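Me: Could you walk me through one part of this model up close, in plain words? I'd like to know how it sits among its neighbours.

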Amino acid sequence: RPVPTASLDEVFERLGLASCDLLKMDVEGAEERILFGTRAETLLRVRHVVLEVHEEEEGGGRERRLVRRFEELGFETRRTPNPAWPRLSLLYARR
C-alpha cells in the first residue's frame, strides 16, 4: 500500500517554517538521499541537527559525505559512535 511522503523542502513550505531549532532524523539509511535532495536554502533554516547515520561502507564514506555537506553549509559537526552497533553513529550539526 502506498505511503504518502514529503521532502524536507515540501515540509518547510507546507508548514511555512522560517526556521527550525532542532531537526532529528532517524531514517534507516535514507540520510544521504534526503539531505542531498534538500535545497541548501532549506537546510540553512535549521540551527541544530541530530542524525542517526547507517553506514553501509567500510571506512565511513556515508558519514564523511554528510559531514562535508553540513560543513559546506557552515555547520559545526561532531559524531558519537554507537559501541553496540559499529555501523551506527549519531552525527550532530549546529550553526
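Reply: Let's start where the helix stops: α4 is followed by Gly74, whose phi is positive, near 90 degrees. The name α4 comes from counting DSSP runs from the N terminus (helices are H or I, at least four residues; strands are E, at least two). Keep in mind that this is a predicted model, where local features need pLDDT of at least 70, side-chain atom pairs count only at pLDDT 80 or more, and totals for chains, interfaces and linings use all residues. Residues are numbered from 1 along each chain as its sequence is written, and side-chain values use heavy atoms, with hydrogens and water left out.

Now the helix itself. α4 covers residues 61-72, and at 1.5 Å a residue its twelve residues should span 16 Å (1.5 Å times one less than the number of residues). Its end C-alpha atoms are 16 Å apart, which agrees.

Which residues of α4 are buried (under 20% relative accessible area, 1.4 Å probe, protein chains only; exposed is over 50%, partly exposed in between)? They are Gly61, Arg62, Glu63, Leu66, Val67, Arg69 and Phe70. These pack against α2 (31-36), α3 (40-43), β2 (46-54), β3 (76-81) and β4 (88-94). Leu35 touches Leu66, Arg69 and Phe70, among others (heavy atoms within 4.5 Å).

Phe70 also turns up in the largest nonpolar core (buried Ala, Val, Leu, Ile, Met, Phe, Trp, Tyr and Cys joined through side-chain atoms within 4.5 Å). Of its 18 residues, Leu23, Leu35, Val49, Leu51, Phe70 and Leu91 touch the most other members. α1 (8-15), β1 (20-25), β2, α4 and β4 each supply at least two residues of this core, and β2 gives the largest share, four residues.

Notes:
Lists of a residue's contacts leave out its neighbours within four places in sequence.
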